[in-house]
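Subject: Structure handover and notes

Dear colleague,

I am passing on the structure below, together with some notes on what turned up in it. Please read the notes with the coordinates open beside you.

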Amino acid sequence: MGSIGDRLKEERDRLGKNQEEFGTLGGVARNAQGRYEKDQRSPDALYLELISAAGADVQYIITGTRSGASAKAMSTEEVSLLEYYRGCTSGGRQHLLAAGKAFADLGKVHPDGDDSDGILGVRKISKG
């Protein structure tokens with residue numbers, strides 16, 4: 001799981017920021033950001049509030065557990081899937097989960113990195 005500093009760096013990397021940019025988001029200088037990431041210093045609540053507003057998952061940074069409610073930590077597609085799931089009936093949710101598992105299993109069967117699937121995620125079989 002790593003330390004708070006490790007998780008803070010992981011969130012910074014996830015958001016595509018260097019130490020100076022991320023420190024600026026949190027209202028601190030690059031050297032303070034570096035100290036946070038090396039666990040030489042602990043960030044205060046204002047810093048955490050500011051980086052949360054910029055999309056960092058502060059619950060994850062502090063506890064090591066991703067925030068399930070944080071849409072900021074999810075891609076647009078993930079947010080859409082969650083909205084579709086929540087809009088389903090109980091039976092619809094079961095079907096959506098089964099379909100999601102089936103598509104995920106396709107990637108396990110064909111882990112070749114080929115992302116040229118058709119709209120249904122079905123791989124074309126070539127005759128050889």
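E11 is buried, with a relative accessible area of 0%, where buried means under 20% relative accessible area, exposed means over 50%, and partly exposed covers what falls in between (1.4 Å probe, protein chains only). This is a predicted model, in which local features need pLDDT of at least 70 and side-chain atom pairs count only at pLDDT 80 or more, while totals for chains, interfaces and linings use all residues. Residues are numbered from 1 along each chain as its sequence is written, and side-chain values use heavy atoms, with hydrogens and water left out.

E11 belongs to helix 1, residues 4-14; helices (H or I, at least four residues) and strands (E, at least two) are DSSP runs numbered from the N terminus. From there, the side chain of E11 reaches the backbone nitrogen of D57 at 2.7 Å. Setting aside neighbours within four places in sequence, E11 is in contact (heavy atoms within 4.5 Å) with G55, A56, D57, Y60, I61 and R66.

Two of those partners also meet each other, since the charged end of R66 sits over the ring of Y60, 3.8 Å from its centre; a charge sits over a ring if NZ of Lys or CZ of Arg is within 6 Å of the ring centre and within 35 degrees of the ring normal. A second case is R93, whose charged end sits over the ring of Y85, 4.9 Å from its centre.

L8 is likewise found in helix 1 and, at 0% relative accessibility, counts as buried. Its contacts, again leaving aside neighbours within four places in sequence, are F22, Q33, Y36, E37, Y47, I51 and I61. L8 and Y60 are 52 residues apart in sequence, yet their C-alpha atoms lie 8.6 Å apart in space.

Y36 and Y47, both named among the contacts of L8, bring us to the aromatic rings. Rings of Phe, Tyr and Trp (its six-membered ring) pair if their centres lie within 6.5 Å, with planes under 30 degrees apart counted as stacked, over 60 as edge-to-face and the rest as tilted, and by this rule the count comes to 1 aromatic pair. Y36 and Y47 form that pair, which is edge-to-face, at 4.8 Å centre to centre and 65 degrees between the planes. The pair links distant parts of the chain, with Y36 in helix 3 and Y47 in helix 4, 11 residues apart, and both residues are buried.

Finally, D39 is found in the loop between helix 3 (30-37) and helix 4 (45-53). D39 has a positive phi of about 60 degrees although it is not a glycine, and it is partly exposed, with a relative accessible area of 41%.

Best regards

How values were computed
Polar contact = N/O pair within 3.5 Å; in protein donor to acceptor, adjacent residues only side chain to side chain.
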